[in-house]
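Visitor: I would like a close look at the charged side chains in this model. Could you take me through how they are placed and what they pair with?

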Amino acid sequence: MITATGAHAAQKIDLIIDTDPGADDVVALLFALASPQELNVRALTTVAGNVRLEKTSRNARLAREWAGREEIPVYAGASEPLVRKPIYAEDIHGKEGLSGIAVYEPRKGLAEGNAVEYLIDTLMTAKRHSITIAMLGPQTNLALALIREPEIVQGIKEVVVMGGAHFNGGNITPVAEFNLFADPQAAQVVLNSGVKLTYLPLDVTHEILTSDTRMQQIAALNNDASRRVVDILNEYIKADMEHYGLPGGPVHDAAVIAYLLKPQLFSGRAVNVVIDSREGPTFGQTIVDWYDCLKSPKNTFWVESADDQGFFDLLTERLARLK
């Protein structure tokens, strides 16, 4: 097993966050935007996923406002998947994508232009392999950009995905995780592009669970950010705790930010991953050759375990920096 390491831990990461907020996405965005020493967040790009695009775009702007980082542009992207019929996760995230707290129209609007155009323009002109992309939702925006302009891979350092499942099993079907199920064709385009890929699947996010003590640790900060995170998570984790019989709930997307900030909290291995986009019971499954049975080229670093308390300590430390 390889502990995740990376030059990205030592030097500031140029980062684009592609997201479909969503409760755990908002926690992830607050986490990232509270970490300007390590993460130079260049833009947030939004996609339909947990809820429809207009709501994910509003929620991303709310997270930006709550973090006091309104200088960061938010670009709206794809409103539906490449091929399949759109699906949403309102049963988990609520009608507005953020249960547990009141939502409203943020002060600052969207940036002019489209997320896909922004990705193409930025990655084509970026220094070679200089920009990391955190993918917190369906991978539609990046797939559309790659289809239109395959050369953008030159600007990408790494794509870090919250998605997929192997040991854990799925969360929307017995084998598929929501982000991959929502647009497996897009995930396949990204996989086929040859970019450096890291996946944080349900295998690892289901190890990083809330507990009463951990929620109290965040609540004790007693700032606006901590109150919002506690209110969001208390509502959001109920469904997973009930469905899986877990003692706490996962904060899926926030794991990507922790991985970027402190990769030594995580371990995994390089594997071959295939994404199943055939209609049927395995639609959206990530097929992971963990034991290298097929001797196929290793196209993904698959993160499989984490220091769960280390994650919550880091999240708490960063939320303490916000108002």
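Guide: What follows goes through the charged side chains of this predicted model, beginning with a buried aspartate and then turning to the salt bridges.

Asp 203, which lies in helix α8 (residues 202-205), is buried yet has no salt bridge, and the nearest side chain of opposite charge, that of Arg 269, is 11 Å away. Because a salt bridge requires a side-chain nitrogen of Lys or Arg within 4 Å of a carboxyl oxygen, that distance leaves Asp 203 without a charged partner. Its side chain does have polar partners, however: a polar atom of the Asp 203 side chain lies 3.1 Å from the backbone nitrogen of Phe 167, and a polar contact of 2.9 Å joins the side chains of Asp 203 and Trp 302. Leaving aside neighbours within four places in sequence, the residues in contact with Asp 203 are Ala 165, His 166, Phe 167, Asn 168, Trp 302 and Glu 304.

Elsewhere, side chains of opposite charge can pair when their charged atoms come close, and the count for this model comes to 17 salt bridges. One of them joins the side chains of Glu 96 and Arg 58, with 2.7 Å from N to O. This pair links distant parts of the chain, since Glu 96 sits in the loop between α3 (90-93) and α4 (115-125) while Arg 58 belongs to helix α2 (residues 53-66), 38 residues apart. Glu 96 counts as partly exposed at 29% relative accessibility, whereas Arg 58, at 11%, counts as buried.

Another salt bridge is formed by Lys 95 and Glu 90, whose closest N and O atoms are 3.5 Å apart; here Lys 95 is exposed, with a relative accessible area of 59%, and Glu 90 is partly exposed, at 23%.

Within helix α10, Glu 235 and Lys 238 are three residues apart and therefore separated by about one helical turn, and these two form a salt bridge in which the closest N and O atoms are 3.1 Å apart. Glu 235 is partly exposed at 33% relative accessibility, as is Lys 238 at 48%.

Finally, Glu 38, Glu 317, Arg 318 and Arg 321 are linked in a network of salt bridges. Of these residues, Arg 318 is among the buried residues of helix α12, a helix that spans residues 308-319. At the N-terminal end of α12 another charged residue, Asp 307, acts as a cap, with a side-chain oxygen 3.3 Å from the backbone nitrogen of Gln 309.

Technical notes:
Residues are numbered from 1 along each chain as its sequence is written. This is a predicted model: local features need pLDDT of at least 70, side-chain atom pairs count only at pLDDT 80 or more; totals for chains, interfaces and linings use all residues. Side-chain values use heavy atoms; hydrogens and water are left out. Helices (H or I, at least four residues) and strands (E, at least two) are DSSP runs, numbered from the N terminus. The expected span of a helix is 1.5 Å times one less than its number of residues. Buried means under 20% relative accessible area, exposed over 50%, partly exposed in between (1.4 Å probe, protein chains only). A polar contact is a pair of N or O atoms within 3.5 Å; within protein, one must be able to donate a hydrogen and the other to accept it, and residues adjacent in sequence count only if both atoms are side-chain atoms. Lys and Arg count as positive and Asp and Glu as negative; His and the chain ends are not counted. Contact means heavy atoms within 4.5 Å.
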